[in-house]
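Here is a short set of questions on how one protein model is packed. Read each with the coordinates open.

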Amino acid sequence: MDPSKHESNQKKALKTMEKNPTEEFQFIVYNTMTQQKEVFKPKIPGKVCMYVCGVTAYDFSHLGHARAAVAFDVLYRYLIYLGYEVTYVRNFTDVDDKIIRRANETGEDPLSLSDRYCKEYNIDMADLLCLSPTHEPRVSDHIEQIKDMIAQIINKGFGYVVDGDVFFSVDKFPNYGKLSGQKLENNRAGERVAVDSRKRNPSDFALWKAAKPGEPYWESLWGHGRPGWHIECSAMSAHYLSFKFDIHGGGLDLIFPHHENEIAQSCAACEESDVSYWMHNGHVTNNNEKMSKSLGNFFTIRQITERYHPLALRYFLINAHYRSPLNYSVAQLEGASEAVFYIYQTLKDCQDALSQLQESPKDGKSARTTADTQECISKLRSEFQAKMSDDLNTSLILTGAFLEALKLVNNLMMMLKKKQQKQQRLLVVQSLVEVEKEVKKVLDVLGLQPLYSYAEVLQQLKEKALTRAGLVEDDVVRLINERAEVRRNKDFLKSDQMRAYLQAKGVGLMDVGTETIWRPCIPVQQDAEVVPPEDQKVPAETAREKAICHLIQVVK
């Protein structure tokens, strides 16, 4: 399916989803400005405008970027689900010191380098099933809007010019620090803010930077130059959403100085500037230290999705509250992979079972279902809406009633295999159809409903598991066949050793009748005696072959 058509279909599906008619939930969000939860009320009934700070495009995006993107994608989807018409703006910073430094290192044009990484970012977002924002503005395309805002700030006495640079005078803005609670002298802590003796106050920040040799520049009233970092978001949010809009979002690290400076700039340019809700996602940590490029302890999205399915990564990211810190963990990624495999395997089995039926289930409210199904659906809707309406509490949202719904799907499929009277069978079929619909609705809002068929996603999950195990499918088939021979000889101890070896690598064997099938699993510790010796001096393929042969010899 064309991805753009899929997105359009997803948005339509979100709008038309049925809510639980027996319960009403107010949408509550945490507002960083007031430091408390508030009932969400848009400025214009039925419409929501939100702006989220995007990436500085000079390299592949890391896990922290993925967390921000997924967190606000869930918000976007939930707002659509609630029936709002949403205008979602997420920017690209394509003019910045870091971009210029990287371009000088590689010998590229800065804008060309940034354009390339903007495209790579969007590939990552598509893999993570993040819906495209309404607008994705870039700094280089909005220089005129930025210059106009700077001119307004200067004309109103909040900005001053020094040698072609333009600075914002924080002393002129009494409310500076109201978002973060920071004092003026702490503004120097911002990683992009340099101490400059020409400033009237060390906390003043750049609106416009005079051109330096070898840097991209644009003409302006103050000479050749380029925008400072903070002004871009003030100018672009005002351009697309006006000075008054509902939600401004970003990572926790942007509260100060970036968002603090945005507020100062926007209010200086327009006294009526007002954002209703400031929302911020928590950091991703690695060994409880913030993951960032500057610390060198980060993983790119690509590095992770080479080994784990993007939907397993998305599951991992939403399995914690968006404001909480999220510690990177291989064990949690393994758990996420197993969880999504179970979800999609259940739905594939359900799809297969329904496709083989001759009975035609009814649509709409006239459809009859079992009492257990009615209770399950009601509980799933209620629990889902209660958690989502409470500041997008996605933590453990795919446990509880959701898992009970999947268990019911499996139970109903088992019932279909038994002989039943026609009316009872129709009741089971209809129940299966209805509970499947509710499960899919939850996945749609969370962005976990795959673009491709369940069969394709399951195969991709298996391929990722093999990559992590250092195996190919032929290796697993070979070991399954060897194990079958061992089982025929009734040597069940050796059979268990072979199973344990594969399980330690994240490959689980299941004996179904006379057949053995495999699926990904969470790797578990194995006995030392069945661990093949590692040989670091031989090619990977040869080492893998030696390991498998060693295992076969051990158990024989």
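Q: Is helix 2 largely enclosed by the rest of the structure or exposed?
A: This is a predicted model, where local features need pLDDT of at least 70, side-chain atom pairs count only at pLDDT 80 or more, and totals for chains, interfaces and linings use all residues. Residues are numbered from 1 along each chain as its sequence is written, and side-chain values use heavy atoms, without hydrogens or water. Helices (H or I, at least four residues) are DSSP runs numbered from the N terminus; buried means under 20% relative accessible area, exposed over 50%, partly exposed in between (1.4 Å probe, protein chains only). In helix 2, 18 of the 19 residues are buried, so the helix is largely enclosed by the rest of the structure.

Q: What distance separates the end C-alpha atoms of helix 2?
A: The expected span is 1.5 Å times one less than the number of residues. For the 19 residues of helix 2 that gives 27 Å, and the model agrees, with end C-alpha atoms at 26 Å.

Q: Which helix gives the largest share of the largest nonpolar core?
A: A nonpolar core is a set of buried Ala, Val, Leu, Ile, Met, Phe, Trp, Tyr and Cys residues joined through side-chain atoms within 4.5 Å. The largest has 101 residues, and Leu63, Leu79 and Tyr344 have the most contacts inside it. The largest share, 13 residues, comes from residues 63-81, helix 2.

Q: Which residues does Leu79 contact, leaving aside neighbours within four places in sequence?
A: Contact means heavy atoms within 4.5 Å. With those sequence neighbours set aside, the partners of Leu79 are Phe27, Phe40, Val48, Met50, Tyr84, Val86 and Ile247.

Q: Is Ile154 buried or partly exposed?
A: Ile154 lies in helix 5, residues 143-155. Leaving aside neighbours within four places, Ile154 contacts Gly159, Val161, Val166 and Trp222. Its relative accessible area is 21%, so Ile154 is partly exposed.

Q: What is the separation of the C-alpha atoms of Ile154 and Ala269?
A: The two residues are 115 residues apart along the chain. In space, the C-alpha atoms of Ile154 and Ala269 are separated by 8.7 Å.

Q: How many nonpolar residues are in the contact of helix 10 with helix 13?
A: Residues of the contact include Ile343 and Leu347 of helix 10, and Val429 and Leu432 of helix 13. Ala, Val, Leu, Ile, Met, Phe, Trp, Tyr, Cys and Pro count as nonpolar, Asp, Glu, Lys and Arg as charged, the others, Gly among them, as polar. The contact has 2 charged, 1 polar and 9 nonpolar residues.

Key:
Helices (H or I, at least four residues) and strands (E, at least two) are DSSP runs, numbered from the N terminus.
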